[in-house]
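Me: I should like to examine the salt bridges of this protein. Please work through them with me, one at a time.

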Amino acid sequence: MKVVVLGGYGNFGARIVRALAGDPAIALVVAGRDLARAQSLAGPLGAAAAVLDTGDAGLAHRLRALGAQLVIHTAGPFQDQGYAVARAAAAAGCHYIDLADGRRFVCDFAGGLDATFRQARRCAITGASTVPALSSAVVDALRPRFARLDAIDFCIAPAQQAPRGPATIAGVLSYCGTPVQVWKDGRWQQLRGWADPQPIRFARLKPRRGALCDIPDLELFPARYAGVRDVMFRAALEVGLTQSAFAGLAALRRFGVPLGQRALPALMHEAGKVFDRLGTPQGGMVVRLRGEGDGGVPLQLAWHLTAGDHHGPEIPCMAAILLARRLARGEGLAPGARACMGELALFEFAPEFSRWNMRTEVLEEPEAGHGA
C-alpha cells in the first residue's frame, strides 16, 4: 500500500514515517512543501519524497499521480483548517487518517464527509491521536467495571523538554481565555480555556497543575457514554511558571486584551526553550473514571501512562501507525468518515507502549474526586 504522509518531516509526521518505514506491506512517500527536508528523511529509510501543499487546488490530481492509497495528514494545527485535504483524498480514491485535535474539526468531520467517503468506498478517520483515539480506548476498557459511570476526568502531562513548534502553541492560544463548552453536572456549562489550574496526581510523576483545554472529547464523550454527568480534560505543564503564564494570558484575553495570534506563538516557542533546563524528559497521562461498581459501591479507577527518555511525543502517533498497518494488511475499515473512537482497543496499543518503554497501570483509588 502506498502511504503518503503529509507533513512527513515534521514533529509527528517524522515519527510516523520512521515507524512505518520497515513494514514490507507499505511503500512510503514523505510529503511536504520543502522537498529537501522530505528527501533528507526519506532517503536513508528507502522511502520516496514529494512536494505537496495542503492548500493546493490540484492536490487530488497530485495524489492520483503518486498512486497514493492512504493519506496520513499530520500538518497541523487543525483548529483553523477545513476539509480540503480529506476531500482531495476521497477524490483520489484514497483512505484518509489525520492527527487532528481541533474540537470543531473532529466533531463536525462525519457530518461533512461521511457521504463523500461512503460514495468513494474509502474510510476517513479523524482524531487518530492521543485524543480521542487513545483516550476513548482507555474509557472503553475500564467502562465494564462500572455499574454506573458518573465522571470522566483526564489529563495529559507533556515533558517540558518534549519537541514542540509554533503551530502547536498557536493551536493552544486559539482558545486560551475563551469560553469552552463543558459537560458538567449533567448540563452544558461554560468555563475558560487554560484558566484556573487545578492540582493533578500521577502514579510516577510529581503532581502538577492542569488547566482546561478545548478538545473533541469534551463534546464526543457525553454522547458516547450515556449517563455520564461530568467530562473534563486538562493539560498539565511540567514547569509551574509556564502553566501560570498561560493562566495569565487567559486572564488578559478575558478582559479583552488581544494576544497577537500571529507573533505570539513564535515568541512563546523561543521563550519556552529557556525553561527546558528546568524540566525533565518525563511525561504522562492519567484517565480517571468515577461512579459506582457492583452493589452500588463507590468506585474510582485511574489509568496511568508514564513515558520517559523524551518518548512522550510518540504517543500521539500510535493510533495512526496502528490503523495504517491494519489497512496495509488488508484488514479493511468500514467505509465512511468518523472520529477515531471504537476503532482501536486499548490492548492494541500495548506493543507500542512496550517499544518505547512506557509503563501503564490501573489503580483503584479510595477517595472520589476530580484527580486532585
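Me: Which residues are linked in a network of salt bridges?
Reply: In this predicted model, side chains of both charges take part in one network of salt bridges. Side chains of opposite charge can pair when their charged atoms come close. The linked residues are Arg103, Arg104, Asp108, Asp214 and Glu219.

Me: How many salt bridges does the count come to?
Reply: The rule asks for a Lys or Arg side-chain nitrogen within 4 Å of a carboxyl oxygen of Asp or Glu. Counted by this rule, the salt bridges come to 19.

Me: How many residues apart are Arg288 and Glu365, which meet in a salt bridge?
Reply: The side chains of Arg288 and Glu365 meet at 2.9 Å, N to O. Arg288 lies in strand β13 (residues 283-292), while Glu365 is in the segment after β16 (359-364). Both residues are buried. The pair links distant parts of the chain, and the separation is 77 residues.

Me: Is Arg329 buried or exposed?
Reply: Arg329 meets Glu331 in a salt bridge at 3.0 Å, N to O. Its partner Glu331 has a relative accessible area of 36% and is therefore partly exposed. For Arg329 the relative accessibility is 51%, and the cut-off for this class is over 50%, so Arg329 counts as exposed.

Me: Is Glu343 buried or exposed?
Reply: Glu343 forms a salt bridge with Arg338, and their closest N and O atoms are 2.5 Å apart. The relative accessibility of Glu343 is 13%, which is under the 20% cut-off, so Glu343 counts as buried.

Definitions and conventions:
Residues are numbered from 1 along each chain as its sequence is written. This is a predicted model: local features need pLDDT of at least 70, side-chain atom pairs count only at pLDDT 80 or more; totals for chains, interfaces and linings use all residues. Side-chain values use heavy atoms; hydrogens and water are left out. Helices (H or I, at least four residues) and strands (E, at least two) are DSSP runs, numbered from the N terminus. Buried means under 20% relative accessible area, exposed over 50%, partly exposed in between (1.4 Å probe, protein chains only).
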